[in-house]
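Okay, thanks for having me, everyone. I'd like to walk you through one chain today, so please pull it up on your screens.

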Amino acid sequence: MLLRIVSAQWELYRGEVQKALLPTENGFLGIFPGHMNLVTPLVKGLITYVPSDLPTSTLDSFADHTHTIEIGWWLAMIEDEMITIAAE
């Protein structure tokens, strides 16, 4: 699944990921392949993701090889195996 993190000025990240964890006002939202289409606001916090080319353990799939990006207030759009995180 493709993860894109963009602002009005540039693309911060673009790559294939196994999963992503997004901070929302109601807690963290886990996004895995096959997730339903969704648009949701994000709050200040860390986006955590695992690139597709890295292995993960079966016990805690977010424990190994995670990458993080700190964000302020953003908007997430999940559609057709693509996560787009857009800055205000």
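I'll start with the overall layout, then go through the core, the strand pairing, an aromatic pair and the salt bridges.

One thing up front: this is a predicted model. So what is the chain built from, in terms of helices and strands? Zero helices and eight strands. Read from the N terminus, the order is simply β-β-β-β-β-β-β-β. The chain has 88 residues, and 38% of them count as buried. On the outside, about 5200 Å² is exposed, with carbon and sulfur atoms supplying 55% of that. Now take the contacts with a separation of 6 or more: 54% of them are between residues 24 or more positions apart.

Let's go inside. The largest nonpolar core has 18 residues. Which of them have the most contacts inside the core? That would be Leu3, Ile5, Leu22, Tyr49, Ile83 and Ile85. As for who contributes, the elements giving two or more residues are strand 1 (2-6), strand 2, strand 5, strand 6 (67-71), strand 7 (74-79) and strand 8 (82-87). Strand 2 gives the most, with four residues.

Pick out Ile83 from that list for a second. Leaving aside residues up to four places away in sequence, isoleucine 83 touches Met1, Leu2, Leu3, Arg4, Ala20, Ile31, Met77 and Ile78.

Next up, strand 7, which I think is a nice one to rotate on screen. Here's the background: in a regular strand the side chains alternate between the two faces of the sheet. Strand 7 does this: Trp74, Ala76 and Ile78 point to one face and are buried, while Leu75, Met77 and Glu79 point to the other face and are not buried.

Which way does strand 7 run against strand 4, parallel or antiparallel? Antiparallel, with five bridges joining strand 7 to strand 4 (residues 38-42). If you want one pair to click on, leucine 38 has isoleucine 78 in strand 7 as its bridge partner. Strand 7 also pairs with strand 8, again in the antiparallel sense, over six bridges. Try tryptophan 74 there, whose bridge partner in strand 8 is alanine 87. Strands 7 and 8 form a hairpin with two residues between the strands, and in this hairpin aspartate 80 takes a positive phi near 50°.

While we're on strand 8, have a look at threonine 84, which lies in it. Is that threonine buried or exposed? Threonine 84 is buried, because its relative accessible area is 10%, and the cut-off for buried is under 20%. Beyond residues up to four places away in sequence, threonine 84 touches Arg4, Val6, Leu75, Ala76 and Met77.

Now the aromatics. The count comes to one aromatic pair. The rings of tyrosine 13 and tyrosine 49 have their centres 4.6 Å apart and their planes at 45°, so this pair is tilted. The reason is that tilted covers angles that are neither under 30 degrees, which would be stacked, nor over 60, which would be edge-to-face. The pair links distant parts of the chain: tyrosine 13 sits in strand 2 (residues 11-24) and tyrosine 49 in strand 5 (residues 45-51), 36 residues apart. Tyrosine 13 counts as buried at 18% relative accessibility, and tyrosine 49 is buried as well, at 5%.

Right beside tyrosine 13 in the numbering is leucine 12, also placed in strand 2. At 39% relative accessibility, leucine 12 counts as partly exposed. Apart from residues up to four places away in sequence, leucine 12 touches Ile5, Val6 and Trp74. Leucine 12 and isoleucine 85 are 73 residues apart in sequence, yet 9.8 Å apart in space, C-alpha to C-alpha.

Last stop, charges. How many salt bridges does a search of the whole structure find? Two. Glutamate 11 meets arginine 4 at 3.1 Å, N to O, and glutamate 11 also meets arginine 14 at 3.3 Å, N to O. That links Arg4, Glu11 and Arg14 in a network. Glutamate 11 is partly exposed, with a relative accessible area of 38%, and arginine 4 is partly exposed too, at 22%.

That's my tour, and I'm happy to take questions.

Conventions
Residues numbered from 1 in each chain as written. Predicted model: local features only at pLDDT ≥ 70, side-chain atom pairs only at ≥ 80, totals over all residues. Heavy atoms only, no water. Phe/Tyr/Trp six-rings, centres within 6.5 Å; stacked < 30°, edge-to-face > 60°. Buried < 20%, exposed > 50% of the residue type's maximum accessible area, 1.4 Å probe, protein only. Contact = heavy atoms within 4.5 Å. Areas by Shrake-Rupley, 256 points an atom, 1.4 Å probe, with all protein chains shown as cover. Core = buried A, V, L, I, M, F, W, Y, C linked by side-chain atoms within 4.5 Å. Salt bridge = Lys/Arg side-chain N within 4 Å of Asp/Glu carboxyl O. Pairing = 2+ DSSP bridges.
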